[in-house]
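Open the model in your viewer and follow the stops below in order.

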Amino acid sequence: MKGKAIVITSGKGGVGKTTTTANLGTALAMLDKKVCLIDADIGLRNLDVVLGLENRIVYDLIDVVEENCRLEQAMIKDKRNPNLFLLPAAQTRDKDAVSEEQMKSLINELKEKMDYILVDSPAGIEQGFRNAIAGVDLGLIVATPEVSSVRDADRIIGLLEAEGLNDPQLLINRLRRDMVGRGDMMNIDDIVEILAIEILGVIPEDENIVISTNKGEPIVLKDKAYSGKAFNNIAKRLEGQDIPLMTIEKESLFNKVKRIVGLS
Amino acid sequence: MSDDKAESRGEGSKNIAKERLQFILVQDRIKLSPQQMEEMKAELLDVIKKYIDVDDNDIEMDISREEEMMAMIANFPLKKRD
Ligand SMILES: Nc1ncnc2c1ncn2[C@@H]1O[C@H](COP(=O)(O)OP(=O)(O)O)[C@@H](O)[C@H]1O
Ligand SMILES: [Mg+2]
């Protein structure tokens, strides 16, 4: 097996990297792919919590690189899907406890066992970021439709390319159709034009994501959730399926009429 | 562009966001502060004035992004002959 390693990253914090890693990982596992998620946010781990696996942690990423345990011992099997594994971050160490070389060899080892390795990167551009991008094949940049987030995304695109990780792809998160409709939020085309980068998917703003995070159950497990469907579509696109972007960015007819007659 | 102008044209705030972003990214990408940009303009102007008579008042210099490429476009109108 020769898996593909993808880093989920952003410049700005709190834009949805961890949410994306958990949901995209679960969605890929539901497509019968073997997936390992790595929480590279050392000292601030929370991917385990989003997945509801916080009670199962025995060893972590640092234990693996320091050879306190075997890789298999540290990989936590998801409680719902046998194809999905989590390698949790250490909570009590700092980000310098791992080197880029160690990350690279870990990723290479995992590529032999998995179809996908998704690395949840910490915010910022320091050592934690360098570790998170070591050895990966693709950068997936998460941004929200706001000035500061898009600006920081542009910076990250430059940094990834400087590290030889070319052609990163974009995921726009928390898009609000109502605001786009009345011209108060940048739409997909605006952001893609500014960043000049390929778009992999768009996730709407959805309060169900907060609810599902409260419960530790990824939103992709909910059939009806719109945002869950959007994550499932992204997984299918990664698998090479030609799935058009959902039409959340399009202005609804109702809003358009309201705007034209001057009600909004 | 001011808020009022955008609103009177019936546009929301996203166009302001977009314009501000385009401006910010130009500065980020060429790593020049507005201050340094002004200094560069002044120095360039001095060089050009050594050789030709230009009209100080109508000089335009802007960095913009065209398709895939960034370009600095400068416009130095020559002084009218008296
Ligand atoms: N599409 C969305 N709709 C609503 N809330 C979201 C969405 N995406 C993320 N969130 C919420 O935003 C917060 C930050 O998300 P998180 O994935 O932890 O960001 P990051 O890992 O980039 O810091 C979380 O509380 C999460 O539940
Ligand atoms: Mg996170």
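Which polar side-chain atom lies 2.8 Å from an oxygen atom of ligand 1? Select A:Lys17: a polar atom of its side chain is at that distance, 2.8 Å, from a ligand 1 oxygen. This is a predicted model, in which local features need pLDDT of at least 70, side-chain atom pairs count only at pLDDT 80 or more, and totals for chains, interfaces and linings use all residues. Residues are numbered from 1 along each chain as written, chains are lettered from A and ligands numbered from 1 in written order, and side-chain values use heavy atoms, without hydrogens and water.

Stay at ligand 1 and add A:Arg174, where a side-chain N or O atom is 3.1 Å from a ligand oxygen. At A:Val15, a polar backbone atom is 3.2 Å from an oxygen of ligand 1. Taken alone, ligand 1 exposes 560 Å² (Shrake-Rupley, 1.4 Å probe), and the protein buries 80% of that.

Next, show the 15 residues around ligand 1 (a heavy atom within 4 Å). A:Gly14, A:Lys17, A:Thr18, A:Thr19 and A:Asn173 come nearest. In chain A, helix H1 (17-30), strand S7 (169-175), strand S8 (198-204) and helix H10 (207-215) each give this shell at least two residues; helices are DSSP runs of H or I with at least four residues, strands E runs with at least two, numbered from the N terminus.

Now select chain B. Its 3 helices and 2 strands run in the order α-α-α-β-β along the sequence. Of its 82 residues, 21% are buried (under 20% relative accessible area, 1.4 Å probe, protein chains only). Chain B exposes about 6,400 Å², 48% of it from carbon and sulfur atoms.

How values were computed
Buried < 20%, exposed > 50% of the residue type's maximum accessible area, 1.4 Å probe, protein only. Polar contact = N/O pair within 3.5 Å; in protein donor to acceptor, adjacent residues only side chain to side chain.
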